[in-house]
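Visitor: I'd like a close look at one part here, the place where the ligand sits. Could you walk me through it, and then point out a few other spots worth a glance?

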Amino acid sequence: MNGTEDHWAKALRSHWGLDARLTRLDGEYDLNFLVHAKNGQDYVLKVMRVDCQPELVDLQIKALDHLATSAPGLPFPKVFPSLDGLELPSIGDEQGQPRLVWLLEYLSGRCYADAKPKTTDLILKLGRVLGATDRALEQFSHNGLNRSDFKWDLVQASWIRRKLDIITNADRREILQDIVRDFTRISGQLNRLPKQAIHNDANDYNILVQGELSERRSVSGLIDLGDMCAAPRVCELAIAGAYVVLDHPKPERALASLVQGYHAANRLCAEEIDLVWPLLRMRLAVSIVNSTLMAAEHPDDPYVTISQAPAWRFLESDNVNEGLMSARLRAACGLPVVDGAERILAYLNAHRGHFAKMFEVDLNEAPMGSLSVENSTWPQNPFHMPLDEAARVGEEFGEGFWLGYYNEPRLIYTEPGFRKGPWKASDRRTVHLAVDVFAPAGTVLHAPVSGRVEAVENRTAHLDYGGVVILHHETPEGDPFYTLYGHLDSEACARLKPGDPVAQGAAFARLGNPSQNGGWAPHVHFQLALTTDGMQTDWPGVGDPDELDLWHAVCPNPAALLNLSDEKVFYRPTDKLSVLQNRQAHFGGNLSLTYDDPVMLVRGWKHHLFDEWGRPYLDAYNNVPHVGHAHPRIQLVAADQLKRMNSNTRYLHPAQTAFAEKLLSKLPDQFEVCYFVNSGSEANELALRLARAHTGAKGIVTPDHGYHGNTNAAVAISAYKFNKPRGVGKANWVELVEVADDYRGSFRRDDPVRAAKFADLVDPAIASLKQKGHGLSAFIAETFPSVGGQIIPPSGYLSAVYEKVRVAGGVCIADEVQTGLGRLGEFYFGFEHQQALPDVVVMGKPIGNGHPLGVVVTTREIAESFDNGIEFFSTFGGSTLSCRIGKEVLDIVDDEGLQENASLMGARLKDGLINLQDGFSQIGDVRGMGLFLGVELVNLDGTEGTEICGYVKNRMRDHRILIGSEGPKDNILKIRPPLTIGAEDVDMILWAMRNVLSEIGDYVPAATCDHDHHHAGCSCC
Ligand SMILES: Cc1ncc(COP(=O)(O)O)c(C=O)c1O
């Protein structure tokens, strides 16, 4: 501590009786110290500037006292009085000048500006804190609250109008002029609102946030009440909102969450909510003008203008729909989106059954037809709707009248306009906000209720509306509402014009055919809206499943106008939560689910999957759909074979030998015999039997942390399972050797003979088996250990091990379940990389592309040892269907060049990950080949970053990317997508990974104890 700190440390001792170390904190005019007291507590000591206004300091202290008694749960610091009972004693500084001094509780947390990610959940909580604060402050009064000429009082913000000339860029000045105009327009309303004490400065440095990595974030502090004043409470919200939206990837949703949280704690009225947006913009304008004025005073301080950048980015961007803002914020609070919304809905409800029939038939008799993600496979490729398919959509429901659901998530909207981001797996609008009536082209439409034409357009783009008419109606009380009719015969566009009256029941249009209606099977898309603000003639016909509160409120179910019940046309996707509950009720607890918030997946295509709401996910994890999800050729052969017959290997069928021949063509010549089974586990069981039959011995050597399946013998050779705390333990006939992991293992990459050293570890293992009388039956290893952490053994390791095993009389089994069939890019099988020749090769997972199939391939010699007169039979193994699918998978890998693609995309991804390693010390190692990749995440001290890995995995899922984690400490990201993955998808993974890693910052895991090491201050031992 230097002189100043010393001086105030002494003052602290004499006035508060605290022994402490002081550290200077930032502060423009006042002296602020962080106080580490010997009693273990931290405080903040504030020494006010000489000419401070005592009344304003008193205001803060009294407000904090008020909050501490009236709302003790809120995260405000307490004020500690001195030994004399004074909260603001006057104490002489080093120069002997009297200074007002106060001592505050220190609140932990990082400031909101540095908190990442800024989730809507956190923002909602912030809203709650602000709402509850203002509620508590309602009863607080103080003379210091009425601050005239106070530049930060939003009610007085029009002072900037006289200063706008300081903004030299004309475009920018115009933006601010616009904002000031809007502010002037609402000033009357603002002035009529009651005033109360508010914090008035919830900026991102005054909000403290707690929670690391996967912990839920909470607001741990709201500090600096120095700008308090009396103002309408909506100013509080607008000021916080001005910071919350800046650089937020979804500013509208962020603001809606803030307002929703505030409203939950402190009910707002619709009129106040409508002021949030113009006030928020005005606050940004005030900040900009203020900092520009300061920049003029301090021309050398670059910080002043740098700090404006986010505000300009926001004001100049066009990613906010301002027209829809009021509806959005109102909907977030559960308030009517427009004044009169309740009257309109009551009117529609009261007249249900009495509106004019839109068609000459009774739609109550028409069947519903579902085009939902779950119920339908339109379109086969959810990223591309060919014209031919669009024109046939729903043909299974017949040519008569049938209805399409409101609130139904669909994958038929494939055009880029429905996508909300640059990637295929970006959010997309899927949920239908209208009711469809399918009927033959030319069918005449009648207006259900009178109105006038609001708009009429012919939208000729592919899969757009074709002819579209919007009608304007009014309830008897004069509340306007609107109806939209899409996919009409474009003849209506020439006939109707805005303003034309349309009488109730009048025939005003016809259903278009695909050449007139955007290309679709003939139907009308019938949508209701309570406002056209922010939509004008461009209504979204489908909404983002994560914004349904807004869209249900703006575009309610139009069933009443069709004289139908709401229930008939309202679609409800399967409820994920009830599936989860049923699963918990009917399945064992150790059937695990990935992710803190599990995903339910109902459709797939190539390397993408879709949940029940049609949200897309990039599948960068699943290796089973080797040639892609829902591959049309697999669908075809499976359906074709099931139409014929499906039987077993006791009967001849050419599909069996065709599959075997195709498979053997991919293997070295010595492999001549195939056994077909149903899974990798069963294949490994069989491989052990072959080895034992051939050697007459029982002992097995296998690397640590390996996995070979879930059956008894497979578990016995899988250290990953038997060595778990409550695992069955190692069998006497099994010996483990260290995994050849040259990143973290005993021999590292700087050792040129590490392969041989790792290989030498099998010698004592073999000796031990022999000594125990088991002899050596086999060495079995995943060629590249996968659950062990996506490890590529140093080159030559496996060939050296195999040599030793053979000398000892054992059989070499290569488990290629994870690595085989081209995934590695350069190699079809992993053993090729090791220049090793196994005696038995085990395959599973990808070989059936999801159909249960396992294969064991071996030499004639070993097969003959096994052929001891006892039949080998696997009922389903080698079924006709399995053989056709297995062969088709292998053919597709060849026909589509998927091994080549694995090589190219794997290199692109690996290079990108290695580049990321430069910027993020959390990436300890990037390894693998082709599309078999591992990213080892580490803490700052190089130890296994288990928590970091869990965080990254879950956050990647938030970005709609599925990846897994593995390794003894679960700190290795496992990336092994279907081999169809493309360059755009690889780039998405890299983009998201960069984003997520940048959220981690300087995270250090909490110290934990083991038996040998106890961390400082530990209470567990
Ligand atoms: C290397 C390896 N071998 C065998 C198996 C077992 O395969 P299955 O689950 O089909 O029985 C697995 C499964 O993950 C595996 O990764």
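Visitor: How far does a backbone N or O atom of Gly680 lie from an oxygen atom of the ligand?

Guide: That distance is 2.9 Å, which fits a polar contact, meaning a pair of N or O atoms within 3.5 Å. Keep in mind that this is a predicted model, where local features need pLDDT of at least 70 and side-chain atom pairs count only at pLDDT 80 or more, while totals for chains, interfaces and linings use all residues. Numbering starts from 1 along each chain as its sequence is written, and side-chain values use heavy atoms, with hydrogens and water left out.

Right beside Gly680 in the sequence, Ser681 puts a polar side-chain atom 2.4 Å from an oxygen atom of the ligand. Asp815 has a polar side-chain atom 2.7 Å from a ligand nitrogen. On its own the ligand would expose 390 Å², and the protein buries 85% of that (Shrake-Rupley areas with a 1.4 Å probe).

Around the ligand, counting residues with a heavy atom within 4 Å, you'll find Ser679, Gly680, Ser681, Asn684, Tyr707, His708, Gly709, Glu782, Asp815, Val817, Gln818 and Lys845. Helix α19, residues 680-695, gives the most to this shell, with three residues (helices are DSSP runs of H or I, at least four residues long, and strands are E runs of at least two). By class, the shell holds two nonpolar, seven polar and three charged residues; Tyr counts as nonpolar here, and Gly as polar.

Now for the other spots. Helix α3 (residues 120-137) packs against helix α6 (residues 251-265) at about 40°, their axes 6 Å apart; the axes are lines fitted to C-alpha atoms over the stretch in contact, and angles run from 0 to 180 degrees between N-to-C directions. Among the residues making the contact (heavy atoms within 4.5 Å) are Ile123, Leu124 and Gly127 of α3, and Ala254, Leu258 and Tyr262 of α6. The contact residues divide into 10 nonpolar, six polar and four charged.

Leading into α3, Pro117 is found in the loop between β7 (110-111) and that helix, and the Lys116 to Pro117 peptide bond is cis, with omega near -10°. Another cis bond runs from Trp378 to Pro379, with omega near -15°; Pro379 has its place in the loop between β12 (368-369) and α12 (387-390). Finally, Asn563 has a positive phi of about 60° although it isn't a glycine, and it lies in the loop between α14 (548-554) and α15 (566-569).

Terms used
A polar contact is a pair of N or O atoms within 3.5 Å; within protein, one must be able to donate a hydrogen and the other to accept it, and residues adjacent in sequence count only if both atoms are side-chain atoms.
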